[in-house]
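Me: I have a structure open and want to learn how to read its sheet. Where do I begin?

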Amino acid sequence: MADSRIYFNTQPILSLNPITAGKQKIQHGSGNITFGDILSEAQKKVSFSHHAWNRLQERNINLSDTDLEKLDNTVDKLAQKGARESLVYMKDVALVVSVTNRTVITAMDGTRGNENIITNIDSAAIL
């Protein structure tokens with residue numbers, strides 16, 4: 001009978017047992033955490049679309065770790081209120097955010113936002 005496993009660099013890729021997936025403990029810092037804990041924490045973070053990332057670079061907009069944490073907390077609050085597409089205005093930067101996908105769609109600085117019209121949003125947050 002043929003071997004049905006896939007080998008990559010001489011290591012087989014084996015399927016995970018669905019019962020134990022995400023429950024394996026990983027030694028991290030002061031205690032054990034599961035892969036599921038790491039995944040759920042990563043899913044709480046707001047991501048940036050390719051378009052938004054390009055706009056941030058083109059317009060020389062830099063967001064600090066504190067700014068990103070505020071953005072994460074704001075998106076959490078918007079989601080609790082039932083928002084879907086929101087304008088988040090923070091430090092003279094306007095971010096259009098898909099709350100349901102936790103993704104920044106586009107970004108503009110205050111000087112460029114004067115002549116733009118922003119449509120298809122259902123909420124706004126000013127920080």
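**Reading the sheet**

Reply: Start with the strand order. This is a predicted model. Its open sheet has five strands, in the order β5-β8-β7-β6-β9, and the pairing is mixed. β5 (47-48) and β9 (123-126) stand at the edges with a single partner strand each, so one side of each has no neighbour in the sheet.

Me: What holds strands of a sheet together?

Reply: Strands pair through backbone hydrogen bonds, and the pairing is either parallel or antiparallel.

Me: In which sense do β6 and β7 pair, and over how many bridges?

Reply: Antiparallel, over six bridges. β6 covers residues 85-90 and β7 covers residues 93-98. Follow the partners across. Glutamate 85 is bridged to serine 98 in β7. Valine 88 has leucine 95 of β7 as its bridge partner.

Me: What lies between the strands of that hairpin?

Reply: Two residues separate β6 and β7 there. Look at lysine 91 in this hairpin: its phi is positive, near 50 degrees.

Me: Is the pairing of β6 and β9 parallel or antiparallel?

Reply: Parallel, over four bridges. Find serine 86; opposite stands serine 123 in β9.

Me: Now the helices. Which strands does helix α3 lie across?

Reply: Helix α3 (residues 65-80) lies across β5, β6, β7, β8 and β9. It runs at about 145 degrees to β6.

Me: And which strands does helix α2 lie across?

Reply: Helix α2 (residues 50-58) lies across β5 and β8 (103-109). The angle between helix α2 and β8 is about 25 degrees.

Note on methods
Residues are numbered from 1 along each chain as its sequence is written. This is a predicted model: local features need pLDDT of at least 70, side-chain atom pairs count only at pLDDT 80 or more; totals for chains, interfaces and linings use all residues. Side-chain values use heavy atoms; hydrogens and water are left out. Two strands pair if DSSP finds at least two bridges between them. Contact means heavy atoms within 4.5 Å. Axes are lines fitted to C-alpha atoms, for helices over the stretch in contact, and angles run from 0 to 180 degrees between N-to-C directions.
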